[in-house]
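Grab a coffee and scroll through the fold below. Keep it open while you read, so you can find each part as it comes up.

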Amino acid sequence: MELQNDLLLRAARGEKTERVPVWMMRQAGRILKEYREVRAKAGSFIALATTPELAAEVTLQPVDILGVDAAIIFSDILVVPEAMGLPYEMVEAKGPYFPKTVKTKEDIDLLVTTEMEDRLSYVYESMDIVKRELGGRVPLIGFAGAPFTIFCYMIEGQGSKTFSKAKKVLYSDPEFAHTLLNKITEATISYLKGKVKHGADLLQIFDSWAGVLSPAQYSAFSIPYLKRISDAFPEVPVTLFSKGAFFARKDLGELSCDVVGLDWNMDIRESRELIPNKTLQGNLDPCVLYSPFSEVEKQTKTMVQAFGKERYIANLGHGVYPDTDPEKVKCFIETVKAC
Ligand code: CP3
C-alpha cells in the first residue's frame, strides 16, 4: 500500500522533505492514559505484548493521539531472548527479570536460533493488524535489541548500572562471548526478516547499554554484529541507536545503516562532522519535557536549528519517561512540525 506520509523514510534515505519528521522512542507506553487502560485490561505487560489485538491497539494510540510521523510496533527487545529459550518476567516498578541466565557453554548450545517466525508469530500478527488499520497513514518501525544489549540481559538476568557480570565475560572469556553474540545475531536477523515480511518500513536497533563499554570493547563486541545486521537489510532503511556510545559515532557512521540515533550527551555539530553522510536522529533530553511549554518549544527549536532540516529525524535522546505530561509531548511534536 502506498504511504500517505513517507517523511520518515525519505529523511532516512537522505531525500529532501517538506518538513522534519518526528516520532518518539517509547511513544507507545505509559505516558498515555489510553495505554494504561489497555494495559489494565490485559492484566500484565507480557499479556499485552502477546495479545495481537491489544498490542496493535497501543501501537496505533500515539499515531492517533499524538500525531507522530511513524508507528513503532508495541513489543519489547526481550522477546528475542525469550524465543531463544530464556523466558522473562516483567516485575512491577522494577523491570525485566530472567529466572534462567546463560552461564555455561551448554547453556549457549541449548539456545534456539531457528523458527523465530513461529516462536514470535504474535508479533507478526499484531503487525498485520497495525498495517491494516494504518492504511498507509504513516510508516511502521520494526525494532530489536542490539546483540550486545541482549547479551547483557542473558548474562545478568536483569538490569544493572554497570553490567559488570556481562563485561566480566568479555574480559575473561572472549570466545564464549563471541559464540553467544553470534547466536543472538542469527536469531535477531531471522526475527527482523519476518518483520520486514510483515510490513516493517524501517528497522531500528537499540543498543541501550552500549555506554558501559570502552571504545576498544565496543569495536570488538558490538560493531561487528551491528555491521552484520545492517548489511542483512538492503531492502529497508536501518537506524542504529547506541545509547552512550559517543566514542563510536565515526565507526557507526561507516556501517551500511541509513540513520544513526544520538542521545543528548552527543553534540549535534560534532556528530554531523563525525557522521557526514547519514541521516541523524534525536536527541532532545527527555527531561526537557518536564519544563514549561515555552521552554519545551525553545529547546526543540534550538535542536532542529542545530541539526538542520535535511537528513534529520526529530526524536528524544532516549525513551520518553513514563511520568511526562502528554501535553508537553504534543508541544514537542507540534513544535517540530512547525519548524
Ligand atoms: O513505543 C515503543 O517504543 C515501542 C515499545 C517498546 C517497549 N520496549 C515497550 C515497553 C520498545 C521499543 C522497547 C525497547 C526496550 N525494552 C529497550 C530499548 C530501548 C531503551 O529504552 O533503551 C530496553 C532496554 C527494553 C527492556 C525493558 N523493557 C526494560 C528495562 C523495561 C522496564 C523499564 C520500564 O521502562 O518500565 C521494559 C518494560 C517495558 N517495555 C514497558 C514498555 C511500555 C513498561 C512496562 C509496563 O507497561 O508495565
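Here is a short tour of a helix, a sheet, a core and a few single residues.

First, some housekeeping. This is a predicted model, where local features need pLDDT of at least 70, side-chain atom pairs count only at pLDDT 80 or more, and totals for chains, interfaces and linings use all residues. Residues are numbered from 1 along each chain as its sequence is written.

Let's start with helix H4, residues 52-66 (helices are DSSP runs of H or I with at least four residues, strands are runs of E with at least two, and both are numbered from the N terminus). The expected span of a helix is 1.5 Å times one less than its number of residues. For the 15 residues of H4 that gives 21 Å, and the end C-alpha atoms are 22 Å apart, which agrees. H4 has a kink of about 30° at Leu 60, shortly before the proline Pro 62. That bend is the angle between axes fitted to the seven residues ending at a residue and the seven starting there. After H4 comes Gly 67, with a positive phi near 75°.

Which residues of H4 are buried? Among them are Ala 55, Ala 56, Val 58, Pro 62 and Leu 66. A residue is buried if 20 or more other C-beta atoms lie within 10 Å of its own, exposed if 12 or fewer, and partly exposed in between, with C-beta atoms placed from the backbone. The cover over the buried residues of H4 includes helix H2 (33-42), helix H3 (45-50) and helix H17 (326-338).

Val 63, also in H4, touches Val 68, Ala 71, Arg 137 and Val 138, leaving out residues up to four places away in sequence. Touching, or being in contact, means that the C-beta atoms, placed from the backbone, lie within 7 Å.

Here is how three residues compare on burial:

| Residue | Where | Other C-beta atoms within 10 Å | Status |
|---|---|---|---|
| Asp 76 | loop between S1 and helix H5 (79-84) | 16 | partly exposed |
| His 318 | loop between strand S9 (312-316) and H17 | 22 | buried |
| Cys 339 | segment after H17 | 16 | partly exposed |

Asp 76 and His 318 are both in UniProt's "binding site" list, which comes from an unreviewed entry and also includes Arg 26 and Tyr 153. The listed residues spread over 293 residues of sequence and up to 22.7 Å in space between C-alpha atoms. His 318 touches Met 25, Lys 243, Asp 263 and Pro 286, not counting residues up to four places away in sequence.

Now for the sheet. Seven strands form an open sheet with parallel pairing, in the order S1-S4-S5-S6-S7-S8-S9. Two strands pair if DSSP finds at least two bridges between them. The edges are S1 and S9, each pairing on one side only. Strand S4 (residues 140-145) and strand S5 (residues 202-207) share five bridges, and Ala 144 stands opposite Ile 205 in S5.

Ile 205 turns up again in the largest nonpolar core, which has 112 residues; Ile 205, Phe 151 and Leu 8 are among those touching the most other members. Helix H11 (residues 174-197) gives the most to this core, with eight residues. Such a core is a set of buried Ala, Val, Leu, Ile, Met, Phe, Trp, Tyr and Cys residues joined through C-beta atoms within 7 Å. In soluble globular proteins, nonpolar side chains tend to be buried together.

Technical notes. Contact = placed C-beta atoms within 7 Å. UniProt positions renumbered as here; feature names shortened; annotations may be inferred.
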